[in-house]
Amino acid sequence: MKIVAVLGSPRAEGNTATMTRWLLEAAGKLGAAREVFRLNQMKFQGCQGCGGCKTKAGHCVVEDDLTPVLAAVKDAEVLVLASPVYFGDLSGQMKCFFDRTYSFANPNFTSRLQPGKKSVLVLAQGDSNAANYEDIFPRYERWLKMFGFEENYLLRATGVFEAGQVKDRTEVLRQAEEIARKLRD
């Protein structure tokens with residue numbers, strides 16, 4: 001199994017990075033190959049709305065640091081998207097990346113990706129109220145399903161504001177390990 005993880009946090013050792021590391025370590029113990037991309041260390045643009053992916057090529061025509069990331073996602077069996085919750089949504093870095101996945105859709109909005117992929121959305125939010133921002137996962141899952149991601153999982157920690165605060169949350173670690181097992185099956 002090949003996993004591609006895209007980290008959308010500006011904090012390299014933040015809570016989403018920790019949660020993603022737990023998930024990838026558990027998957028690695030089960031034999032998964034893993035590749036990690038840190039968006040905050042890349043130079044890239046959001047979707048330019050040029051339509052080139054629909055009219056000129058079967059892929060995003062913008063050439064920047066996201067080009068190899070989008071190619072890796074195409075080849076992966078599992079996509080991990082990790083982001084802190086900022087202003088009630090994904091980080092700006094992750095939103096820009098996600099906009100570029102528009103290139104994964106044909107002009108008629110069928111998927112260009114192989115069916116049967118799996119995904120995990122890793123979210124960390126400072127707000128301890130789990131009811132707040134629970135709309136994020138279903139919103140992005142709708143697009144992931146359109147792209148052919150048939151099994152989609154959420155790994156979420158609430159009430160974790162300071163970097164590294166999630167390290168005390170053994171229930172989140174257990175959930176990461178459980179999701180890793182499901183990804184293998």
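How exposed is lysine 182, in terms of relative accessibility? At 35%, lysine 182 counts as partly exposed. The legends below take up this residue and others in a predicted model.

**View 1. A salt bridge in helix 6 pairs glutamate 178 with lysine 182.** The closest N and O atoms of the two residues are 3.2 Å apart. Both residues sit in helix 6, which spans residues 170-184. They are four residues apart, so about one helical turn separates them. Glutamate 178 is partly exposed, with a relative accessible area of 38%. Lysine 182 is also partly exposed, at 35%.

**View 2. Arginine 184 and aspartate 185 meet in a salt bridge.** Their side chains come to 3.7 Å, N to O. Arginine 184 is partly exposed, with 44% relative accessibility. Aspartate 185 is exposed, and its relative accessible area is 65%. Elsewhere, Asp89, Asp135 and Arg139 are joined into one network by salt bridges that share partners. The structure holds nine salt bridges.

**View 3. Glutamate 13 forms a salt bridge with arginine 21.** The closest N and O atoms of this pair lie 3.7 Å apart. Glutamate 13 is exposed, with a relative accessible area of 51%. Because its relative accessible area is 30%, arginine 21 counts as partly exposed.

**View 4. Aspartate 89 is buried in a loop.** This loop runs between strand 3 (78-84) and helix 4 (92-100). Aspartate 89 has a relative accessible area of 15%, under the 20% limit, and therefore counts as buried. Its side chain makes a polar contact with the side chain of arginine 139, at 3.2 Å. Leaving out residues up to four places away in sequence, aspartate 89 touches Pro84, Lys95, Ile136, Arg139 and Tyr140. Aspartate 89 also belongs to the salt-bridge network with Asp135 and Arg139.

**View 5. Phenylalanine 87 is exposed and has a positive phi.** Phenylalanine 87 lies in the loop between strand 3 and helix 4. Its phi is near 50 degrees, a positive value in a residue other than glycine. What is its relative accessibility? The value for phenylalanine 87 is 89%, so this residue counts as exposed.

**View 6. Three aromatic residues, Tyr102, Phe109 and Trp143, form a nonpolar patch on the surface.** Together they have about 280 Å² of accessible area. Phenylalanine 109 is found in the loop between helix 4 and strand 4. Its phi is near 65 degrees, again a positive value in a residue other than glycine. Phenylalanine 109 is partly exposed, at 40% relative accessibility. Tryptophan 143 belongs to helix 5, residues 136-146. Tryptophan 143 is partly exposed too, at 33%.

**View 7. Asparagine 152 is buried in strand 5.** The strand covers residues 149-158. Asparagine 152 has a relative accessible area of 11%, so it counts as buried. Which side chain does asparagine 152 join through a polar contact of 2.5 Å? The partner is the side chain of serine 119. The side chain of asparagine 152 also reaches the backbone oxygen of phenylalanine 149, at 3.0 Å. Residues up to four places away in sequence aside, asparagine 152 touches Ser119, Phe137, Glu141, Leu144 and Lys145.

**View 8. The largest nonpolar core has 31 residues.** Val4, Val6, Leu79, Leu81 and Phe97 have the most contacts inside this core. At least two of its residues come from each of strand 1 (2-7), helix 3 (67-75), strand 3, helix 4, strand 4 (117-125) and helix 5. A second, separate core has 26 residues, among them Ile3, Val80, Ala157 and Ala176. In soluble globular proteins, nonpolar side chains tend to be buried together.

**View 9. Valine 4 has contacts with residues distant in sequence.** Residues up to four places away in sequence are not counted here. Valine 4 touches Glu35 and Phe37. Its other contacts are Ala72, Val73, Ala76, Val78, Leu79 and Val80. Of these, Leu79 is, like valine 4, one of the residues with the most contacts inside the largest nonpolar core. Val80 is one of the residues of the second core.

Note on methods. Residues numbered from 1 in each chain as written. Predicted model: local features only at pLDDT ≥ 70, side-chain atom pairs only at ≥ 80, totals over all residues. Heavy atoms only, no water. Buried < 20%, exposed > 50% of the residue type's maximum accessible area, 1.4 Å probe, protein only. Polar contact = N/O pair within 3.5 Å; in protein donor to acceptor, adjacent residues only side chain to side chain. Contact = heavy atoms within 4.5 Å. Patch = residues over 30% accessible without salt bridge, like charges linked within 9 Å, V, L, I, M, F, W, Y side chains within 5 Å. Areas by Shrake-Rupley, 256 points an atom, 1.4 Å probe, with all protein chains shown as cover. Salt bridge = Lys/Arg side-chain N within 4 Å of Asp/Glu carboxyl O. Core = buried A, V, L, I, M, F, W, Y, C linked by side-chain atoms within 4.5 Å.
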